[in-house]
Amino acid sequence: MSAQPLSPDQMGAAVLDVATARGVLDEARDRVESARKHAHTCLLPYARAGVKSLVAALQDGTVLGTLSFVQPAPRIRWDEAAVLEFVDQTAPTEVDEDIDPAILANPDVVEWLMEHHPEAVRRSVRPKYLTRLEQELDRQGCLPHPDTGELVPLATVTTPKPTGQFQWKPDHAQRTRLLTAVRTGELAKGADLLQLLPEPHDAPEASGVATDEPENDPVIERHHLAQLHHRMREVGLSDRDEALAYICQVLGTTVTSRKDLCLSQWEQVLNSLNQPQATAV
């Protein structure tokens, strides 16, 4: 069923509705991030003192939820040579053998492979050059041969129909103006969203609460990333966007790539994935 034609005013209203909802969402995210940072600073001494969880409750006793402190898993850094020797002696079938790809930097090895095992050599066009050629393709996927001028078919080019999906890029400098317009009734349609947010206020200072210097929290290494990929696939999070959405939900912050996670964040996500309710979002 096709949508009815819209007037210019109706089209503008639809876009304005997106702008309003996004502005409120961004404001809410900033408030959540600020609240989480404040809670982390205030509650860190109690977490280290052994407190496992805290509840949030209204004055009438209604429990709104539980804040549970993540219990970091032990960090293990194997002595690769020692553990290989140990397993070689005690469980030799558990030792894998493969070729160190660094050996391919040796031209003698490459020459020997090409002479004796040419089937092991895979040839492909470099991605950067493909990107360059892509700019020169015609609509039929052809390129002219530089010597003969003959059009050579190299690809199949399809142009999908517009799906109606869009990206919204807000002007963050105007967020305060937008929220003011909603609160004052200038944009009445978004007022119900703003009722979910408290009025802006400065986060209270954690007076008397000892703060620690930031600890060393390194970025995860390749084997951490591989373990995270494997565990996420096990719970049905094989799609990259779904996986990132799950990580953002667990950490309460924006993450654009799993390889940028710190070790503590990696541990927090793995702990969440190991809970029974972990599943695709």
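The following paragraphs describe the overall fold, the main nonpolar core and a surface patch of a predicted model. Local features need pLDDT of at least 70 and side-chain atom pairs count only at pLDDT 80 or more, while totals for chains, interfaces and linings use all residues. Residues are numbered from 1 along each chain as its sequence is written, and side-chain values use heavy atoms, with hydrogens and water left out.

The chain contains 9 helices and 4 strands, taken as DSSP runs numbered from the N terminus (helices: H or I, at least four residues; strands: E, at least two). Their order along the sequence is α-β-β-α-α-α-β-β-α-α-α-α-α. Of the 281 residues, 17% are buried, that is, under 20% relative accessible area with a 1.4 Å probe and protein chains only. Contacts are heavy atoms within 4.5 Å; among those between residues at least 6 apart in sequence, 53% join residues at least 24 apart.

The largest nonpolar core (buried Ala, Val, Leu, Ile, Met, Phe, Trp, Tyr and Cys residues joined through side-chain atoms within 4.5 Å) has 18 residues, of which L228, M232, I247, V269 and L273 touch the most other members. At least two residues of this core come from each of α7 (222–234), α8 (240–251) and α9 (263–273), and α8 gives the largest share, 6 residues. Leaving aside residues up to four places away in sequence, M232 touches L237, S238, A243, Y246, I247, R258 and L273.

Elsewhere, I103 lies in the loop between α2 (80–90) and α3 (107–116). The relative accessible area of I103 is 36%, so this residue is partly exposed, the class between 20% and 50%.
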